[in-house]
Amino acid sequence: MTLAKRLGFEQSPVFLVDGTAFFYRGYHAFGDLSRSDGFPTSALFMIFRLLFKLLKEQEPSHLVFFLDGRGPNFRSKIYSNYKANRDAMPEPLARQVEPLRQGLRLLGVPVIVPEDAEADDGIATLAARFRDIRPVVIVGADKDLKQCLDDRVVLYDPSGKAEKLTTKAAFTAECGIEPASWPDLQALVGDTSDNIPGVPGVGPKTALAILRTLPTLEAVRDNLDAVPVSARKKIEPFLEAVFTYRALTRLRTDILPDTALADALLAKPDTAGLRAFLESYELRTLAREAAVLPTDPAGKAAQAAAPKAAGAATQLSLFGNDRPCPPPVEPGAARDFVPATGLPDLSGRAVALVPVAGGFTLSLGPAECATDAAPAELAPLLATASRVAVPSVKALLALDPAFEALPLPTWFDLGLAAYLLNPEQRNYGFERLRDSLFADPAVDASDLSPADTAKAAARLADLLASRLEAAGLSDLVARLELPLVPVLLSMERIGIGIDTAALAAFGAEVATELARLEGAIRELAGEGFNPRSSRQLGEVLYGRMGLKPRGKTPGGAASTSQEALERLAGENPLVDRILEFRKLEKLRSTYLDPLPRLADAAGRIHTTFNNLATATGRLSSSNPNLQNIPIRGTLGRRMRECFVAAAGKKLVAADYSQIELRVLAHLSGEPALLAAFEQGADIHARTAAILFDKAEADIRPDERRQAKTINFGLLYGMGPQKLSRDLGIKLDAAKAFIEKYFERLSGLSTFYQGIVDTAKAQGFVTTLAGRRRLLPEIHSANSQLASQARRQAINTVVQGGAADIIKMAMLAAHNDPELAGLGAAMVLQVHDELLLETPEAAAQAAGERLSALMCGVVALAVPLAVDWGAGQTWGQAH
DNA sequence: GCGACTCT
DNA sequence: AGAGTCGC
């Protein structure tokens with residue numbers, strides 16, 4: 001939804017973009033991004049990504065991009081220290097300025113560089129000038145922009161993970177002052193980034209308290225009696241200075257005298273030129289995006305400004321026609337969309353279907369045609385085809401449920417096929433697959449043009465189908481992966497309920513505790529200290545306080561990881577607070593704050609399950625990730641209590657017990673493991689008994705812990721170094737420990753060797769269900785890469801085997817008539833756990849049925865075991 | 001991109 | 001070992 005709609009603006013807003021800020025931010029966020037010849041492109045990437053997003057989502061008619069001018073401006077005349085601690089623009093950034101201007105020209109975006117002032121002043125000026133004609137959206141994140149807020153002026157920050165929208169109402173609710181008082185606030189509090197000192201000893205709390213009753217510095221000066229004594233004493237010596245500070249923070253609204261709304265009008269982009277430009281900086285994804293940008297801002301302006309025909313004409317002639325537009329380009333490629341009635345009979349044919357803007361394109365033999373037929377019209381036609389190849393079945397079914405009418409075996413999923421052939425690429429999108437068609441030396445693509453869509457999809461389908469067959473993967477697709485797609489979609493659609501009230505209460509407690517901790521930390525580390533910055537923490541701990549680093553990061557810096565910090569605990573009071581702070585801050589920033597915002601009107605969260613994400617065959621979950629919700633400790637428990645069943649329902653949680661070790665026992669045939677699982681023994685205690693030559697009953701908790709660590713470690717191919725660190729023992733001891741382990745469980749030793757041998761011989765390993773992972777590095781001369789590949793080989797058969805099993809269980813559960821009859825619906829998968837939502841009365845029966853299905857889904861050399869529970873919340877169900 | 005933290 | 005998200 002566009003911002004205009006969300007905010008109830010009837011006209012299309014003017015967008016004022018704080019270009020300089022995003023330019024810098026791009027440089028910091030993607031600092032290492034560069035063209036292959038080393039030319040830096042990080043800021044260009046950031047800016048064009050941002051603008052494309054704005055153009056696509058908001059379809060603006062008016063947008064201005066502001067940049068700071070070079071050299072000092074009026075502020076340095078008022079106050080020589082202004083921004084004195086800010087360096088000149090870094091060279092890699094400066095080199096991107098000219099390309100940026102060139103790109104903006106091609107995109108048709110007006111650029112304004114205020115003279116003797118900053119970008120923010122230009123924004124404030126035009127916001128004030130335009131707000132009575134048009135609503136204004138300021139695109140930026142600088143806090144000083146808050147002073148521009150108004151009923152028709154909002155602040156929008158679309159970059160970063162969660163976009164942020166600030167309205168005047170939100171601002172006054174939070175601060176209790178008017179936006180216009182912002183500069184007065186900053187003058188009192190100060191701003192380190194602009195080198196404004198503020199009044200020493202006056203922080204945001206004090207300042208806000210004062211400004212709520214005396215909203216301006218003038219009022220404060222004239223009513224000093226009304227200011228509490230302690231604050232008055234601090235402010236009095238600065239009564240003159242604060243006015244200077246305010247002049248620096250207050251944005252000007254009186255510049256750019258000749259700029260009118262017409263100057264903010266977007267011109268038509270030169271798409272071809274822009275593509276070439278982006279290609280020349282090797283920003284390929286953006287170059288492709290450039291091709292599908294909205295191309296008629298003037299027309300939209302008219303439409304948005306005045307839906308009535310007469311008004312539209314006026315607007316057009318006033319603003320649209322007096323502005324030079326680059327000549328239109330490449331609409332020779334414009335598509336003619338055939339309606340559903342114009343499509344031929346597809347029965348028995350193999351076709352490819354690709355969603356495009358405005359409809360679909362369909363391959364028909366050697367040709368392709370575009371259609372604007374609705375999914376509901378298309379589905380019956382497609383259902384008669386012998387094969388329908390698409391970039392992603394999941395995306396298509398998500399697009400419209402009408403496609404579920406097709407029989408599963410009809411689908412050919414290009415992304416899925418490519419994933420199963422080589423599960424380690426990070427991107428299985430259609431564009432990449434199509435590009436690979438041209439890059440593959442074994443493929444003759446001479447009959448295709450790079451722009452061919454459905455035709456390319458059809459070719460890819462032929463190619464991938466034969467490769468799948470040759471790799472023995474067709475069965476895996478047909479029997480497991482493809483049938484799973486509608487299951488995943490169903491889980492995503494159903495979602496899981498959250499208790500927003502419980503979450504809010506929990507969040508408030510955590511926030512209070514965080515504030516307390518932050519105060520204590522500042523007291524120990526100094527006023528400007530940011531406890532979220534590991535760099536600052538390293539400087540304080542290992543620099544100022546002289547503690548000895550207990551480890552390094554991969555980048556070589558002194559580590560401040562939990563592991564390193566825990567070893568310093570007791571040496572310094574700051575360390576404990578930081579550990580506690582981090583724990584709570586993670587909870588707040590990752591779960592407590594975002595989850596309520598992701599809930600739908602019914603209070604349910606809908607994650608996305610990605611079936612093409614992992615190298616081992618596991619699923620992943622994102623937006624939000626519901627597979628890493630905390631579980632350990634009181635806080636974890638409390639967190640899971642916030643996931644709840646709907647009224648009259650219960651949650652049933654069932655998880656496989658030790659599934660990976662059972663898979664390992666099955667594959668290796670190691671007698672000790674087989675016996676342990678056969679007898680239902682405590683596997684870690686049993687391992688400890690074997691290792692320490694003791695009866696299982698005599699094993700001490702510490703010995704069991706050690707055995708558990710080694711059991712898990714070896715699933716991951718853990719070496720002696722990591723084991724010695726994890727157990728806190730000497731390297732030699734760890735080596736001896738592992739040696740003993742493999743001696744006593746020699747079946748594992750031969751199994752591991754066998755895996756590595758087959759990986760070397762055939763170049764890949766295979767899981768229970770025939771899933772495979774290529775491991776070319778196993779032959780590497782670099783011993784580190786080679787051992788990495790050996791560990792991956794072992795981990796893949798074990799972790800991947802477990803992933804196969806739970807996927808089978810998901811199919812069984814989803815398609816089980818008994819569970820359906822009980823009204824149970826699967827809502828989550830967390831690698832070895834399935835979560836159902838069932839009517840309250842059916843929970844017991846559903847739990848029993850689900851665990852039976854999970855146990856019975858394959859017959860291994862050891863039994864599968866499942867623990868399950870039911871409750872009102874996810875926490876209780878455990 | 002990195003470092004830190006969450007999960008299985 | 002495999003993931004995803006946050007803040008810098």
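**Notebook: rings, helix packing and backbone exceptions in chain A**

I began with charges over rings and found that Arg-387 lies over the face of Phe-412, at 5.6 Å from the ring centre. I then noted a second case, in which Arg-640 sits over the face of Trp-874 at 4.1 Å from the ring centre. I record here that the model is a predicted one.

**Overall content**

I looked up the secondary structure of chain A and found 40 helices and 23 strands. Of the 878 residues in chain A, 48% are buried. I also checked how far contacts reach along the sequence: among those between residues at least 6 apart, 67% join residues at least 24 apart.

**Aromatic pairs**

I asked how many aromatic pairs the structure holds. The search returned eight. I examined the pair Phe-742 and Tyr-752, whose ring centres are 5.5 Å apart and whose planes stand at 70°. An angle over 60 degrees counts as edge-to-face, so the pair of Phe-742 and Tyr-752 is given that class. I placed Phe-742 in helix 35 (residues 731-744) and Tyr-752 in helix 36 (residues 746-762); the pair therefore ties together parts that are ten residues apart in sequence. I noted that Phe-742 and Tyr-752 are both buried. I then looked for further rings around them and found one aromatic cluster formed by Tyr-741, Phe-742, Phe-751 and Tyr-752.

**Helix 34 against helix 35**

I next turned to the packing of helix 35 on helix 34 (residues 720-727) and found that their axes come within 8 Å and cross at roughly 110°. Helix 34 is therefore roughly perpendicular to helix 35, since the range for that class is 65 to 115 degrees. I recorded the crossing of the two helices as right-handed. On the side of helix 34, I listed Pro-720, Gln-721, Leu-723, Ser-724 and Leu-727 as making the contact. On the side of helix 35, the contact is made by Leu-731, Ala-734, Lys-735, Phe-737 and Ile-738.

**Phe-692**

I located Phe-692 in helix 32 (residues 683-692). Is Phe-692 buried, exposed or partly exposed? Its relative accessibility is 25%, so I entered Phe-692 as partly exposed; the buried class requires under 20%. Leaving out residues up to four places away in sequence, I found that Phe-692 touches Glu-703, Gln-706 and Phe-737. Phe-737 also belongs to the contact that helix 35 makes with helix 34. I further compared Phe-692 with Lys-740: they are 48 residues apart in sequence, and their C-alpha atoms are 9.6 Å apart in space.

**Backbone exceptions**

Most residues other than glycine have a negative phi, and most peptide bonds are trans. I therefore searched for exceptions to both statements.

I found a cis peptide bond between Asn-623 and Pro-624, with omega about -5°. Pro-624 lies in the loop between strand 16 (620-622) and helix 29 (633-640).

I then noted Glu-59, a residue other than glycine, with a positive phi near 45°. Glu-59 is in the loop that runs between helix 3 (42-58) and strand 2 (62-66). I entered Glu-59 as partly exposed, because its relative accessible area is 39%.

Which value does phi take in Gln-658? I read a positive phi of about 50°, although Gln-658 is not a glycine. I placed Gln-658 in the loop between strand 18 (649-656) and helix 30 (659-668). With a relative accessible area of 26%, Gln-658 is partly exposed.

Key:
Residues are numbered from 1 along each chain as its sequence is written. Chains are lettered from A and ligands numbered from 1 in the order in which they are written. This is a predicted model: local features need pLDDT of at least 70, side-chain atom pairs count only at pLDDT 80 or more; totals for chains, interfaces and linings use all residues. Side-chain values use heavy atoms; hydrogens and water are left out. Rings of Phe, Tyr and Trp (its six-membered ring) pair if their centres lie within 6.5 Å; planes under 30 degrees apart count as stacked, over 60 as edge-to-face and the rest as tilted. Helices (H or I, at least four residues) and strands (E, at least two) are DSSP runs, numbered from the N terminus. Buried means under 20% relative accessible area, exposed over 50%, partly exposed in between (1.4 Å probe, protein chains only). A charge sits over a ring if NZ of Lys or CZ of Arg is within 6 Å of the ring centre and within 35 degrees of the ring normal. Axes are lines fitted to C-alpha atoms, for helices over the stretch in contact, and angles run from 0 to 180 degrees between N-to-C directions. Angles under 35 degrees count as roughly parallel, over 145 as roughly antiparallel, 65 to 115 as roughly perpendicular and the rest as oblique. A crossing is left-handed if the near helix is turned anticlockwise from the far one by less than a right angle, and right-handed if clockwise. Contact means heavy atoms within 4.5 Å.
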